[in-house]
Amino acid sequence: MTTLKPVLCVGCTVIDFVTISASYPQEDTDRRCLDGFWARGGNASNVSTVLRLLDTRVEFFGMLSSSPAFRVLLEDLTQRQIATQHCPTTSKDPPFSSVIIAQDKATRTIIHCNKNYPYVSALDFSKIDLSRYGWVHFEARQAAETVKMMRMVQAYNETCDPQARLIVSLDFESTFEQNLPLCGLCNYLVFSKELATQRGWSTARDACQQLLFLITQSSRTSPSIICPWGSAGAVCLDSSGNFAEIRAHEPPQVVDTLGAGDSFLAGFIHATYGLQQELQVAVDFANRVAGHKISKFGYDHIA
Ligand code: FRU
């Protein structure tokens, strides 16, 4: 069997300060939590973690920091064999998220603090030899730079035989208008329930339909669109316009939903790329990975 080329994950790595509380705290009260920890987080960073746990080779490409607070994150990346050799470094303090996991309702509330931390640029990305990878995963973020990076992948693919082309996935969960132009540049678009709900799209199917309409207004090609919808499962719409609803795999007890979406994405990439599964089977696998992830804290039990 030939070894697959690594997946390149482009995006953020941040510090997650996680507090586990019996219930969500009332404002302006002083109370004790049940437990807490801090860990490496961030969307592309978590996708990298779960891909490694699923035994897929992966490289993370995002802005690293030389600040002492970041050292633990670097050690964790190294220990998990997530390559970082193309990442630029800044001396700025890393972004962080304050996360409250409320046990009674199994919610996770994230407040993110970015302080204008720099993002990787298209110039940084242009130094990477794309022939070393088989799949590139992008966070939909900093659209002006990301669009250039995605166009570089597109230009590279035009020089390749079809079987050597890089597959591109996009994780879309914020700043809708700015990031919409990125959707025509990927093979797989994973769109978040939270953003869909903010736009007034009340079901995953509705979200897929609306997105398809908007994407085809400005792009000749449309990606397969996948919309995970929590306990309702996920809907996917392939590039020929076929819908499928794939049920969720909820564990008996939901413990920690932080990073469930990132785990879904890693499961999807692993199933599509590593296991060569077709869209619906890959989405089912992704649902299983996400369902398993939320049964315990953290990610390590996914392995
Ligand atoms: C979870 C997560 C956290 C991080 C936040 C960034 O999906 O990646 O690890 O703090 O989202 O938005």
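Trainee: Okay, so buried means under 20% relative accessible area. With that in hand, which residues of E4 are buried on its two faces?

Mentor: This is a predicted model, by the way. In E4, Val58 and Phe60 are buried on one side, and Glu59 and Phe61 are buried on the other. That leaves both faces of the strand covered.

Trainee: How many bridges join E1 to E4?

Mentor: Four, and the two strands run parallel. To pick out one partnership, Val7 has Val58 of E4 as its bridge partner.

Trainee: What about E11, which residues cover its faces?

Mentor: E11 covers residues 188-191. Tyr188 and Val190 sit on one side, Leu189 and Phe191 on the other, and all of them are buried.

Trainee: And in what sense does E11 pair with E10?

Mentor: Parallel, over four bridges. Phe172 has Phe191 of E11 as its bridge partner there. E11 also pairs with E12 (residues 224-228), again in the parallel sense, over three bridges. In that pairing, Leu189 is matched with Ile225 of E12.

Trainee: Switching to helices. What should the 16 residues of H4 span, going by 1.5 Å a residue?

Mentor: The expected span for H4 (residues 143-158) is 22 Å, and the C-alpha atoms at its ends are 22 Å apart, so the two agree.

Trainee: Which residues of H4 are buried?

Mentor: Ala143, Thr146, Val147, Met149, Met150, Val153 and Asn157. Looking down the axis of H4, those buried residues fall within an arc of 165 degrees, so they line one face of the helix. Ala144 and Glu158, on the other side of H4, are exposed.

Trainee: What do the buried residues of H4 pack against?

Mentor: Quite a list: strands E1 (7-10), E4 (58-61), E9 (135-139) and E10 (167-172), plus helices H3 (122-126) and H5 (176-179). So the E1 and E4 strands we started with come back here.

Trainee: New topic, aromatics. How many aromatic pairs does a search of the whole structure find?

Mentor: It finds 12. One of them is Phe125 with Phe138, a tilted pair, 5.9 Å centre to centre with 45 degrees between the planes. Phe125 lies in helix H3 and Phe138 in strand E9, so this pair ties together parts that are 13 residues apart in sequence.

Trainee: Are Phe125 and Phe138 buried or exposed?

Mentor: Phe125 and Phe138 are buried. There is also an aromatic cluster made by Trp135, Tyr188, Phe268 and Tyr273.

Trainee: Which rings have a charged end sitting over them?

Mentor: Phe176 is one: the charged end of Arg199 sits over its ring, 3.7 Å from the centre. Tyr299 is another, with the charged end of Lys293 over its ring at 4.6 Å from the centre.

Trainee: Last one, Ile269. Which helix does Ile269 lie in?

Mentor: Helix H8, residues 260-274. Ile269 has 0% relative accessibility, so it counts as buried.

Trainee: What is Ile269 in contact with, leaving aside its neighbours within four places in sequence?

Mentor: Val7, Val47, Leu51, Trp135, His137, Ser169 and Gly274. You've met Val7 already, as the bridge partner of Val58, and Trp135 from the aromatic cluster.

Trainee: And how far apart are Ile269 and Asp284?

Mentor: They are 15 residues apart in sequence, and 12 Å apart in space from C-alpha to C-alpha.

Terms used
Residues numbered from 1 in each chain as written. Predicted model: local features only at pLDDT ≥ 70, side-chain atom pairs only at ≥ 80, totals over all residues. Heavy atoms only, no water. Expected span 1.5 Å × (residues − 1). Buried < 20%, exposed > 50% of the residue type's maximum accessible area, 1.4 Å probe, protein only. Arc of directions from axis to C-beta. Contact = heavy atoms within 4.5 Å. Phe/Tyr/Trp six-rings, centres within 6.5 Å; stacked < 30°, edge-to-face > 60°. Lys NZ or Arg CZ within 6 Å of the ring centre and 35° of its normal. Pairing = 2+ DSSP bridges.
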